[in-house]
Amino acid sequence: MQNAIEMKHVKKTYGKNVIALNDLSLMIKEGITLSLLGPNGSGKTTIIRILTSLAYPDDGEIRIFGSGKLDKKIIGCVSQSSGVDPMGTGKENLMLQGRIYGLKGDVLKKRVDELLTAFQLQKDANRLSKQYSGGMKRKLDLAMGIIHRPKLLFLDEPTTGLDPEARKDLWAAIKQLQRKEGMTVVLTTHYMEEADELSDSIAFINDGKIVVEGTAEELKSKVGKDTVSITCDNQEQAYTILQETYETRREKEQLEMMVEQGDQELSKISGILTKHSINVTSISVSKPDLGDVYLLYTGKKLREEENE
Amino acid sequence: MKVWSDTLWIFVRSIRLYVRTPFIVLMTVIQPILWMFLFGEVFSSMADIPSFGGDSYIEFLGPGIVMMSTMMAGAYAGLGIISDYREGVLDRLLISPIHRSAIVLGGLLQESVTMVIQALLMIGAAFLLGTSFSGGIVGVIQLIIIAVLLGLAMGVLSTSLALLVLKEESLTAAVSFITMPLLFLSGMFVPLDLVPPWIEKFAAFNPLNWAVEAGREVITAQPDWDIVIRYSSYLLLMFSIACVFVLLAFRKYQKTL
């Protein structure tokens, strides 16, 4: 399979001190959906801007489908900051976007109708887009990004700011796109669930560098261990006792332990605490998630609000 | 050619935006007539000054107000690109295969249409207030062409500045700072023979003054073509340099991303 994107030793600095991309290298195979997952300021949007030729790298090599010169007609982009003209109707926005990409006449009209139907915007097609809800605007954005059937689609935090229902709605639309259009998709997000749901492959980015890449399962298996979470009386004493046997950390109101086989350890942990007359309020086991992977490779947690 | 079809589509979008903002349409119609009337009234006694050298002040002022109006319209043209930047439309366009010139030209074409309408309204008002336009229809058309050229040059410079500052407040402040001296350090309100010599020297480099002087000539029965060609060439040169600036400003904008 051909590489859709090859980035080698790409550097980008803002001003003198802010390093956005730090000798970053990344290969993305054709036909897959890759998520770039990382906190705000990690360099995700800079990657998209450089790959879409909106921003210039300071150094490094970039090839899109083997070519060093970007053919803008083969890419589509849905930016974080939208791009919908608020004073145009949904239909007018799509028509203009199509015309810029060289679509004309019946072909354009048919494509616009097809997208309005696919994204359930048909009945609002002639309303000014400034009257659209956030979710509708995002759908229109997405429709504009794919009107010319790009081979490579960039989605820069497509669901940021949407409520959970609108987010799920947009995920469904993206999944349908992947099935129908078969394009290569590069998605940036700070939502782990979104990356897990939509991607064939995930690349974690931290401080302008890719720290690890693989499928969600591969990445989770690198963590290997399950997490047992406990809430109990006398947490300080429990922490001291459990630390003697397990890798334990304090996490807000609870204690967390990394164990090989969580299910088997539950009763054992509970037993130790009961023996020391510590009352266990709740105990549960969870399999590794992408947040654990990020923690493993960067020593940092993805921020709480980004995990919501 | 794709650049022309792209320009056309951006023009269509800009016109649509314009007509969907009724307040701006209303201002486009009222403002030039009001300016012509107010300035004509306020400075009407100017013609009584012995060395004024003309019969009627409105005859003198008419072409100047037309030029002032298009210059001001052009000077604020950059606000459109800042609005597009804020809405993310600018980045979407820059990612697309559209030619950068089309982004600017499409907007300027819409500004030109507005400027022509404003110029026609002001010429009509000036005519009703007593300006003779002895150069006839051809003279009026030439006056409009010069006015639009000035407006476009200012429009491209305004767009360049807008791409550098990216804030409405900053652009508005800069436009006021730049246009006020241009208005008063020119022969628009008062003949240059009546002002201190340093103002006359400044006026020689003032694009508004070039347009006013050329405009006054073309509406006379026997224009001094040397003046018309010289000052129109200066305006054309200014427009061309402004076009280079705007392309550099786009590059500079993208370097900040």
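## Two sheets, a helix pair and a chain contact

In chain A, four strands make up an open sheet in the order S11-S12-S10-S13, and their pairing is antiparallel. This is a predicted model, so please read every position below as computed. The edges of this sheet are strand S11 (247–251) and strand S13 (280–286) of chain A, each of which pairs on one side only. On average, neighbouring strands here are turned by 20 degrees against each other, direction ignored.

Inside the sheet, strand S10 (residues 226–232) of chain A runs antiparallel to strand S12 (residues 254–259) of chain A, and five bridges join them. If you would like a spot to look at, A:Ile230 stands opposite A:Leu255 in S12(A). Helix H8 (residues 235–243) of chain A packs on this sheet and touches S10, S11 and S12 of chain A. Helix H9 (residues 262–275) of chain A, in turn, lies across S10, S12 and S13 of chain A.

Chain A also has an open sheet of three strands, in the order S2-S1-S4, again with antiparallel pairing. Strand S2 (18–29) and strand S4 (59–64) of chain A are its edge strands, each pairing on one side only. From one strand to the next, the twist averages 15 degrees. Strand S1 (residues 3–14) of chain A pairs with S4(A) in the antiparallel sense over five bridges, and A:Ile5 stands opposite A:Ile64 in S4(A). Helix H1 (residues 44–51) of chain A lies across S1, S2 and S4 of chain A.

Here are the helices that lie on these two sheets, with their directions.

| Helix of chain A | Strands touched (chain A) | Angle |
|---|---|---|
| H1 (residues 44–51) | S1, S2 and S4 | about 115 degrees to S1(A) |
| H8 (residues 235–243) | S10, S11 and S12 | about 10 degrees with S12(A) |
| H9 (residues 262–275) | S10, S12 and S13 | about 160 degrees to S13(A) |

Still in chain A, a lysine deserves a look: A:Lys91 sits in helix H2 (residues 90–100) of chain A. Is A:Lys91 buried or exposed? A:Lys91 counts as buried because it has 21 C-beta neighbours inside 10 Å, and the cut-off for burial is 20 or more. Beyond its neighbours within four places in sequence, A:Lys91 is in contact with A:Val112, A:Leu116, A:Ala125 and A:Asn126. One of these, A:Ala125, is 34 residues away along the chain, yet the two C-alpha atoms are separated by 5.1 Å.

Now to chain B, where helix H10 (residues 207–218) and H11(B) pack at an angle of about 145 degrees, with 9 Å between their axes. Their crossing is left-handed. Residues making this contact include B:Trp210 and B:Ala214 of H10(B), and B:Tyr231 and B:Leu235 of H11(B). By class, the contact comprises eleven nonpolar, one polar and two charged residues.

H11(B) has 32 residues, which should span 46 Å at 1.5 Å a residue; its end C-alpha atoms are 46 Å apart, so the two agree. Among its buried residues are B:Tyr231, B:Leu235, B:Phe239 and B:Ala242. The buried residues of H11(B) pack against helix H6 (100–129), helix H7 (136–165) and H10 of chain B.

Finally, the chains meet: 19 residues of chain B are in contact with 20 residues of chain A. On the chain B side, helix H1 (2–19), helix H5 (89–95) and helix H11 (225–256) each supply at least two residues. That side of chain B has eight nonpolar, three polar and eight charged residues.

Terms used:
Residues are numbered from 1 along each chain as its sequence is written. Chains are lettered from A and ligands numbered from 1 in the order in which they are written. This is a predicted model: local features need pLDDT of at least 70, side-chain atom pairs count only at pLDDT 80 or more; totals for chains, interfaces and linings use all residues. Two residues are in contact if their C-beta atoms, placed from the backbone, lie within 7 Å. Ala, Val, Leu, Ile, Met, Phe, Trp, Tyr, Cys and Pro count as nonpolar, Asp, Glu, Lys and Arg as charged, and the others, Gly among them, as polar. A residue is buried if 20 or more other C-beta atoms lie within 10 Å of its own, exposed if 12 or fewer, and partly exposed in between; C-beta atoms are placed from the backbone. Axes are lines fitted to C-alpha atoms, for helices over the stretch in contact, and angles run from 0 to 180 degrees between N-to-C directions. A crossing is left-handed if the near helix is turned anticlockwise from the far one by less than a right angle, and right-handed if clockwise. The expected span of a helix is 1.5 Å times one less than its number of residues. Two strands pair if DSSP finds at least two bridges between them.
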